[in-house]
Amino acid sequence: MDTTDLVLAIIHHLLVFSLAGIIGAEFVLIRGDLPAATLKRLVGIDRHYGIIAALIVIVGAGRVFYGLKGWEFYIYNWMFWAKMTAFVIVGLLSIVPTIRFISWNRQAGATPGFQVPAAELASVKTYVRAEAFIFLLIPVFAAAMARGY
Ligand code: HEM
């Protein structure tokens, strides 16, 4: 029994589920109308996305170096690198939506009756869908990684 490993595993799971919740919330919110209040909410949710993703990196690295299996188990495991690559791709895909949410929110504050441009919304939807899809691959890689594939 190792308390550090247990605590890191618990925090890792809680953070990962929170991130899934955030991606799910963004996925649903961008499907409806986007009045100013929703844009504000999206910016708030998206800020938490950044914070939680950063914490996942810290706690994930903690699991690699202070987990029971030792860092060599992961560094030489290609499933670990597949998981890291998927995580980085999800992060990169989230950049455009983040920039758009901030810009739309700013414009909605400055221009009453502001409508999100349809083309920009369509592209953000594509990014968020791609993010959600690649995110689903991460637990698949994680399960294989943990079992030494
Ligand atoms: C920098 C980012 C990350 C690092 C360094 C990292 C690292 C780790 C490590 C070391 C383990 C322990 C595996 C074992 O028991 O041997 C683990 C487990 C796990 N990770 Fe991550 N992780 C990261 C991000 C994520 C993300 C974004 C998800 C989202 C789904 C995720 C999902 C999981 C799951 C589900 C497990 C449990 C696997 C199992 O025991 O079957 N991880 N992670």
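**View A. Coordination of the ligand iron atom in the predicted model.** In this predicted model, H12 (through NE2) and K83 (through NZ) coordinate the iron atom of the ligand at 1.7 to 2.0 Å. The arrangement is octahedral because the six donor atoms around the iron atom of the ligand subtend angles of 85 to 178°. The pair H12 and K83 links distant parts of the chain, 71 residues apart: H12 lies in helix α1 (residues 3–29) and K83 in helix α4 (residues 78–93). Both H12 and K83 are buried.

**View B. The salt bridge between R100 and E120.** The count of salt bridges in the model comes to one. The partners are R100 and E120, whose closest N and O atoms are 3.8 Å apart. This pair also connects distant parts of the chain, with R100 in helix α5 (residues 95–110) and E120 in helix α6 (residues 118–146), 20 residues apart. R100 counts as partly exposed because its relative accessibility is 27%. E120 is likewise partly exposed, with a relative accessible area of 22%.

**View C. The surroundings of E26, a buried acidic residue without a salt bridge****.** E26 belongs to helix α1. Although E26 is buried, it has no salt bridge, and the nearest side chain of opposite charge, that of R47, is 11 Å away. Residues up to four places away in sequence being left out, E26 touches L42, I45, D46, Y49, F101 and V128.

**View D. Segments annotated as transmembrane regions.** An unreviewed UniProt entry places the feature "transmembrane region" at residues 6–29, 49–66, 78–96 and 127–146. Two of these segments are described here. Residues 6–29 are 100% helix and 0% strand in the model, and the C-alpha atoms at the ends of this segment are 35 Å apart. For residues 78–96, the chain is 95% helix and 0% strand, with the end C-alpha atoms 29 Å apart.

**View E. L68 in the loop between α2 and α3****.** L68 is located in the loop that joins α2 (36–66) and α3 (71–75). L68 counts as exposed because its relative accessibility is 60%, the cut-off being over 50%. Apart from neighbours within four places in sequence, L68 is in contact with D2 and D5. The C-alpha atoms of L68 and I52 are 24 Å apart in space, and the two residues are 16 residues apart in sequence.

Methods: Residues numbered from 1 in each chain as written. Predicted model: local features only at pLDDT ≥ 70, side-chain atom pairs only at ≥ 80, totals over all residues. Heavy atoms only, no water. Donors = N, O, S within 2.8 Å, 3.2 Å for Na, K, Ca; no water. Tetrahedral: all angles 85-135°; square planar, octahedral: opposite > 155°, others 65-115°. Helix = DSSP H or I, 4+ residues; strand = E, 2+ residues; numbered from the N terminus. Buried < 20%, exposed > 50% of the residue type's maximum accessible area, 1.4 Å probe, protein only. Salt bridge = Lys/Arg side-chain N within 4 Å of Asp/Glu carboxyl O. Lys, Arg positive; Asp, Glu negative; His and termini not counted. Contact = heavy atoms within 4.5 Å. UniProt positions renumbered as here; feature names shortened; annotations may be inferred.
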